[in-house]
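Please open the structure in your viewer and keep the selection tool at hand. The stops below say what to select next and what is there.

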Amino acid sequence: MGRLGLGDEEPRQRPCLVGALRAAGSPLSHVAAGAYHSAAVCCRGRLWTWGAGVEAGGGQPLAAAHLSRLGHCENENRLSPAEVGADA
């Protein structure tokens with residue numbers, strides 16, 4: 001589902017730089033990683049999210065307790081971080 005934010009769904013054995021977060025334009029102040037999606041907030045207060053929109057792996061719907069649109073205006077999964085509010 002792209003929960004690592006690296007633009008693909010490949011597993012990684014070592015930490016990797018999430019290059020898409022360079023667009024935040026300032027250092028990150030907070031990062032949260034979950035089973036289905038992740039989020040980061042930069043020092044300027046901009047929020048970036050990625051991971052599952054409303055589907056789990058294999059096209060299976062997430063349990064109702066995990067439904068999330070990542071704060072974007074659609075239900076798509078995101079393989080890379082996208083700024084919340086940038087597509088509004």
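A residue is called buried when its relative accessible area is under 20%, exposed when that area is over 50%, and partly exposed in between, using a 1.4 Å probe and protein chains only. This is a predicted model, in which local features need pLDDT of at least 70 and side-chain atom pairs count only at pLDDT 80 or more, while totals for chains, interfaces and linings use all residues. Residues are numbered from 1 along each chain as its sequence is written, and side-chain values use heavy atoms, with hydrogens and water left out.

Begin with the whole protein in a cartoon view, where you will find four strands and zero helices, running β-β-β-β from the N terminus on; here helices (H or I, at least four residues) and strands (E, at least two) are DSSP runs, numbered from the N terminus. Of the 88 residues in the protein, 28% are buried.

Next, select Val18, Leu21, Ala24, Ala40, Cys42, Trp48 and Trp50, the seven residues of the largest nonpolar core, a term for a set of buried Ala, Val, Leu, Ile, Met, Phe, Trp, Tyr and Cys residues joined through side-chain atoms within 4.5 Å. Strand 2 (37–42) and strand 3 (47–51) are the elements that give two or more residues to this core. Staying with Leu21, and not counting residues up to four places away in sequence, you can see that it touches Leu28, Ala40, Trp48, Trp50 and Pro81, where contact means heavy atoms within 4.5 Å.

Now move to Glu83, which is found in strand 4 (residues 78–83). Leaving aside its neighbours within four places in sequence, Glu83 is in contact with Arg46, Leu47, Trp48 and His72.

How many salt bridges are there? The count comes to two, a salt bridge being a side-chain nitrogen of Lys or Arg within 4 Å of a carboxyl oxygen of Asp or Glu. With Glu83 still selected, add Arg46, which forms a salt bridge with Glu83, the closest N and O atoms being 3.0 Å apart. This pair links distant parts of the chain, since Arg46 lies in the loop between strand 2 and strand 3 and Glu83 in strand 4, 37 residues apart. Arg46 counts as partly exposed, at 26% relative accessibility.

For the last stop, select Arg12 and Asp8, which form a salt bridge whose closest N and O atoms are 3.0 Å apart. Arg12 is partly exposed, with a relative accessible area of 32%, and Asp8 is also partly exposed, with a relative accessible area of 26%.
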